[in-house]
Amino acid sequence: MPLNPAELDAIALTMALASTTTVILLLLGTPLAWWLARHRGSFAAFIEAIVALPLVLPPTVLGFYLLLALAPDAPLGKTWQALTDQQLAFSFSALVIGSVIYSLPFVVQPLQAAFQRVPGGMLQAAATLGATPFDQFRSIILPLTRRSFIAAAVLGFAHTVGEFGVVLMIGGNIPGETQVLSIALYDQVETLKFAEAHRLAAGLLVFSLALLFFVYRKGAGWRVNH
C-alpha cells in the first residue's frame, strides 16, 4: 500500500526536524560535554543533572513547561512574535527547541565519556609545541573521539525521530506543519486506521533497529578510538 500525501509530509517533516536538531545538538553539545569532562564540583554536578533531566522526567512534564515558556504571553514567546510576526508555540521552531532540550543527554553523555578518556598529557605536549585549542581539537581530540561523535549523532537523530510527548504538547497535531511520524501514528490509531498505523509503526521499528545496528556494528560506543 503506497504512502498517502499526509504520511509523506509527516516523514519529510520528521527527517527535517531530526536533521536540524542533530546539527544544533552537536554544535551546542560538544563544548558543553568538553566542559563537563574537565570540571568537577557542585556546579558541574548541577549542570550535569540538568542535562540528564530529560532521561527521567516524563515528556509531558517537559512539554507542559515548554508550552508555558513558548506561549504568546510569555517573555520568550512574546519576543519571538515581535521579531518574526509569528507565534512560536505550535510551530516547527518550537519542535526544534523542544527536541534539542529533550535529546540533549543522548549527545552530551557519549561525548563527555569520550572526552574524559582523552589523555591530558597529550594535549599539554601539543600546547607546549604551540598548538592552539582549535589545533588540538582538530588533530588530537576529534580523531580519538570520532566513533563517539558518530554514536552521539545517530542517537540524537534516532531519539528525535521517536519523540512523542514533548512534540505533541508544544506542536500539537497540525498536518504539514507539526505532525511528525509519531503523531501521525497516534492519529491513525485514534481513528482506528490500524493497517496504516501498522505500516508506520513497522517502518519506525525497522528504522530504529537499523540505526542501532549501525552504531554497534561500527563499535561507535562510548570509547575513545585508540
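## Annotated domain

In an unreviewed UniProt entry, the annotation "domain: ABC transmembrane type-1" is placed on residues 11-217. In the structure shown here, which is a predicted model, the C-alpha atoms at the two ends of residues 11-217 are 26 Å apart, and this span is 81% helix and 0% strand.

## Transmembrane regions

The unreviewed UniProt entry also carries the annotation "transmembrane region", which it assigns to residues 12-36, 43-68, 88-108, 148-171 and 197-216. For one of these, residues 43-68, the end C-alpha atoms are separated by 27 Å, and the span is 92% helix with 0% strand. For another, residues 88-108, the end C-alpha atoms are separated by 26 Å, and the span is 81% helix, again with 0% strand.

## Helix 10 and its neighbours

Helix 10 is made of residues 181-190, and within it L181, S182, I183, A184, L185 and Q188 are buried. These buried residues of helix 10 pack against three other helices, namely helix 1 (5-38), helix 9 (165-171) and helix 11 (194-217). After helix 10 comes L192, a residue whose phi is positive, near 65°.

## A nonpolar patch on the surface

Three residues, V23, L27 and L28, make a nonpolar surface patch of about 310 Å². Of these, L27 is located in helix 1, the helix that is also among those packed against by the buried residues of helix 10. L27 counts as exposed because its relative accessible area is 62%, and the cut-off for an exposed residue is over 50%.

Terms used:
Residues are numbered from 1 along each chain as its sequence is written. This is a predicted model: local features need pLDDT of at least 70, side-chain atom pairs count only at pLDDT 80 or more; totals for chains, interfaces and linings use all residues. Side-chain values use heavy atoms; hydrogens and water are left out. Buried means under 20% relative accessible area, exposed over 50%, partly exposed in between (1.4 Å probe, protein chains only). Helices (H or I, at least four residues) and strands (E, at least two) are DSSP runs, numbered from the N terminus. Contact means heavy atoms within 4.5 Å. UniProt positions are given in the numbering used here, feature names are shortened, and annotations may be inferred rather than shown by experiment. Patches are made of residues with over 30% relative accessible area and no salt bridge: like charges are joined within 9 Å, nonpolar side chains (Val, Leu, Ile, Met, Phe, Trp, Tyr) within 5 Å. Accessible areas come from the Shrake-Rupley method with a 1.4 Å probe; for residues, only the protein chains shown count as cover. A salt bridge is a side-chain nitrogen of Lys or Arg within 4 Å of a carboxyl oxygen of Asp or Glu.
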